[in-house]
Amino acid sequence: MKCETCGSKLSGMQPNCPFCGTPDPQFVRRYGAYPPPPSQRNIPPQNIYRPPYQPIMPTYSKENEPAEAAIIIFSIICPLVGFIYGLISLSHGEIRAGKTYLAVSAITFAAFILFIVLIAFMAAALT
Ligand SMILES: [Zn+2]
(Lines give C-alpha, C1' and ligand atoms only; values in the text may rest on other atoms or scores of the structure.)
Protein backbone atom coordinates (compact mmCIF):
# COMPACT_ATOMS: atom_id res chain seq x y z
CA MET A 1 0.00 0.00 0.00
CA LYS A 2 1.41 3.33 -1.04
CA CYS A 3 0.61 6.74 0.41
CA GLU A 4 -1.64 8.60 -2.01
CA THR A 5 0.01 11.93 -1.15
CA CYS A 6 3.74 11.29 -0.99
CA GLY A 7 4.00 7.78 -2.47
CA SER A 8 5.91 6.29 0.47
CA LYS A 9 5.25 2.72 1.51
CA LEU A 10 2.57 2.30 4.16
CA SER A 11 2.63 -0.61 6.58
CA GLY A 12 -1.10 -0.59 7.26
CA MET A 13 -0.24 -0.69 10.97
CA GLN A 14 -0.28 3.07 11.52
CA PRO A 15 -3.34 5.27 11.08
CA ASN A 16 -1.33 7.88 9.21
CA CYS A 17 1.51 8.03 6.77
CA PRO A 18 4.65 8.52 8.92
CA PHE A 19 6.03 10.97 6.36
CA CYS A 20 3.18 13.27 5.48
CA GLY A 21 0.36 12.34 7.90
CA THR A 22 -2.13 11.33 5.26
CA PRO A 23 -4.58 8.74 6.67
CA ASP A 24 -3.78 5.19 5.67
CA PRO A 25 -6.97 3.81 4.05
CA GLN A 26 -5.82 0.23 4.74
CA PHE A 27 -5.54 0.95 8.47
CA VAL A 28 -8.92 2.69 8.49
CA ARG A 29 -10.52 -0.28 6.73
CA ARG A 30 -8.87 -2.81 9.03
CA TYR A 31 -9.39 -1.16 12.40
CA GLY A 32 -12.28 1.15 11.60
CA ALA A 33 -10.37 4.11 12.94
CA TYR A 34 -11.46 7.47 11.79
CA PRO A 35 -8.69 9.47 10.23
CA PRO A 36 -7.76 12.43 12.41
CA PRO A 37 -8.81 15.87 11.21
CA PRO A 38 -6.23 17.73 9.14
CA SER A 39 -5.40 19.98 12.10
CA GLN A 40 -4.01 16.97 13.98
CA ARG A 41 -1.83 15.74 11.17
CA ASN A 42 1.92 16.13 11.14
CA ILE A 43 2.05 16.44 14.90
CA PRO A 44 5.47 15.16 15.88
CA PRO A 45 5.21 11.99 17.91
CA GLN A 46 5.34 12.41 21.64
CA ASN A 47 8.39 11.46 23.71
CA ILE A 48 10.84 11.88 20.88
CA TYR A 49 12.83 14.18 23.08
CA ARG A 50 14.58 12.58 26.01
CA PRO A 51 13.63 13.96 29.40
CA PRO A 52 15.97 16.64 30.72
CA TYR A 53 19.17 15.19 32.03
CA GLN A 54 19.03 14.53 35.73
CA PRO A 55 22.30 13.56 37.38
CA ILE A 56 21.97 10.63 39.69
CA MET A 57 22.86 12.04 43.08
CA PRO A 58 24.08 9.48 45.57
CA THR A 59 21.83 9.52 48.56
CA TYR A 60 23.69 11.02 51.48
CA SER A 61 23.97 8.64 54.38
CA LYS A 62 25.39 9.75 57.70
CA GLU A 63 26.05 6.16 58.79
CA ASN A 64 28.09 5.56 55.67
CA GLU A 65 30.07 8.80 55.76
CA PRO A 66 33.66 7.76 55.06
CA ALA A 67 36.42 8.80 57.42
CA GLU A 68 38.46 11.81 56.41
CA ALA A 69 42.09 11.10 55.64
CA ALA A 70 43.25 14.29 57.38
CA ILE A 71 41.64 13.25 60.67
CA ILE A 72 43.12 9.74 60.36
CA ILE A 73 46.61 11.29 59.96
CA PHE A 74 45.92 13.53 62.98
CA SER A 75 44.86 10.44 64.91
CA ILE A 76 48.18 8.75 64.13
CA ILE A 77 50.16 11.81 65.23
CA CYS A 78 48.02 12.33 68.33
CA PRO A 79 45.73 9.41 69.29
CA LEU A 80 43.73 11.69 71.60
CA VAL A 81 42.59 13.75 68.56
CA GLY A 82 41.31 10.58 66.86
CA PHE A 83 39.62 9.47 70.06
CA ILE A 84 37.82 12.83 70.46
CA TYR A 85 36.91 12.96 66.74
CA GLY A 86 35.64 9.39 66.97
CA LEU A 87 33.37 10.24 69.88
CA ILE A 88 32.12 13.41 68.14
CA SER A 89 31.42 11.49 64.91
CA LEU A 90 29.57 8.73 66.77
CA SER A 91 27.48 11.27 68.69
CA HIS A 92 26.55 12.85 65.33
CA GLY A 93 25.49 9.48 63.94
CA GLU A 94 28.50 9.10 61.63
CA ILE A 95 29.09 5.53 62.75
CA ARG A 96 31.48 4.42 60.01
CA ALA A 97 33.74 7.48 60.30
CA GLY A 98 33.60 7.49 64.10
CA LYS A 99 34.57 3.81 64.32
CA THR A 100 37.46 4.39 61.92
CA TYR A 101 38.79 7.31 64.01
CA LEU A 102 38.44 5.33 67.23
CA ALA A 103 40.13 2.28 65.68
CA VAL A 104 43.03 4.36 64.33
CA SER A 105 43.50 6.15 67.65
CA ALA A 106 43.30 2.83 69.56
CA ILE A 107 45.89 1.16 67.30
CA THR A 108 48.18 4.19 67.45
CA PHE A 109 47.75 4.44 71.24
CA ALA A 110 48.50 0.71 71.64
CA ALA A 111 51.60 1.07 69.47
CA PHE A 112 52.62 4.12 71.52
CA ILE A 113 52.23 2.21 74.83
CA LEU A 114 54.15 -0.75 73.36
CA PHE A 115 56.93 1.63 72.30
CA ILE A 116 57.11 3.18 75.83
CA VAL A 117 57.19 -0.28 77.45
CA LEU A 118 59.94 -1.36 75.03
CA ILE A 119 61.99 1.76 75.87
CA ALA A 120 61.45 1.10 79.60
CA PHE A 121 62.62 -2.50 79.23
CA MET A 122 65.65 -1.40 77.23
CA ALA A 123 66.49 1.22 79.85
CA ALA A 124 66.06 -1.37 82.64
CA ALA A 125 68.27 -3.87 80.79
CA LEU A 126 71.01 -1.32 80.26
CA THR A 127 71.27 -0.26 83.87
ZN1 LIG B 1 2.63 10.16 2.78
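**A chat about a four-helix chain**

Me: Is Phe121 buried or exposed in this predicted model?
Reply: Exposed means over 50% relative accessible area. Phe121 has a relative accessible area of 61%, so it falls in that class. The answer for Phe121 is therefore exposed.

Me: Thanks! Which helix does Phe121 lie in?
Reply: The chain holds four helices and zero strands, and from the N terminus on its elements run α-α-α-α. Phe121 belongs to the helix that spans residues 95-126. That helix is α4.

Me: What is the area of the nonpolar surface patch that includes Phe121?
Reply: Patch residues need over 30% relative accessible area, and Phe121 has 61%. Its partners in the patch are Phe109, Phe112, Ile113, Phe115, Ile116, Val117 and Ile119. Together with Phe121 they make a nonpolar surface patch of about 810 Å².

Me: And how much of the accessible surface of the chain belongs to carbon and sulfur atoms?
Reply: Happy to look at the whole chain. Its accessible surface comes to about 10,100 Å². The share belonging to carbon and sulfur atoms is 68%.

Me: What part of the chain do buried residues make up?
Reply: A residue is buried when its relative accessible area is under 20%. Cys17, at 3%, therefore counts as buried, whereas Cys78, at 31%, is partly exposed. Of the 127 residues in the chain, the buried ones make up 20%.

Me: Since you mention cysteines, how many disulfides does the structure hold?
Reply: A disulfide is a covalent bond between the sulfur atoms of two cysteines. To count here, two cysteine sulfur atoms must lie within 2.5 Å. The number of disulfides in the structure is zero.

Me: How are the rings of Tyr85 and Tyr101 arranged?
Reply: A good one for the viewer! The count comes to one aromatic pair. Tyr85 and Tyr101 form an aromatic pair with 6.2 Å from centre to centre and 70° between the planes. Planes over 60 degrees apart count as edge-to-face, so the arrangement of this pair is edge-to-face.

Me: How many residues apart are Tyr85 and Tyr101?
Reply: The pair links distant parts of the chain. Tyr85 sits in helix α3, residues 79-91, and Tyr101 in helix α4. They are 16 residues apart.

Me: Which of the two, Tyr85 or Tyr101, is buried?
Reply: Tyr85 has 36% relative accessibility, so it counts as partly exposed. The other ring belongs to a residue with a relative accessible area of 3%, which means buried. The buried one is Tyr101.

Definitions and conventions. Residues numbered from 1 in each chain as written. Predicted model: local features only at pLDDT ≥ 70, side-chain atom pairs only at ≥ 80, totals over all residues. Heavy atoms only, no water. Patch = residues over 30% accessible without salt bridge, like charges linked within 9 Å, V, L, I, M, F, W, Y side chains within 5 Å. Areas by Shrake-Rupley, 256 points an atom, 1.4 Å probe, with all protein chains shown as cover. Salt bridge = Lys/Arg side-chain N within 4 Å of Asp/Glu carboxyl O. Helix = DSSP H or I, 4+ residues; strand = E, 2+ residues; numbered from the N terminus. Buried < 20%, exposed > 50% of the residue type's maximum accessible area, 1.4 Å probe, protein only. Phe/Tyr/Trp six-rings, centres within 6.5 Å; stacked < 30°, edge-to-face > 60°.
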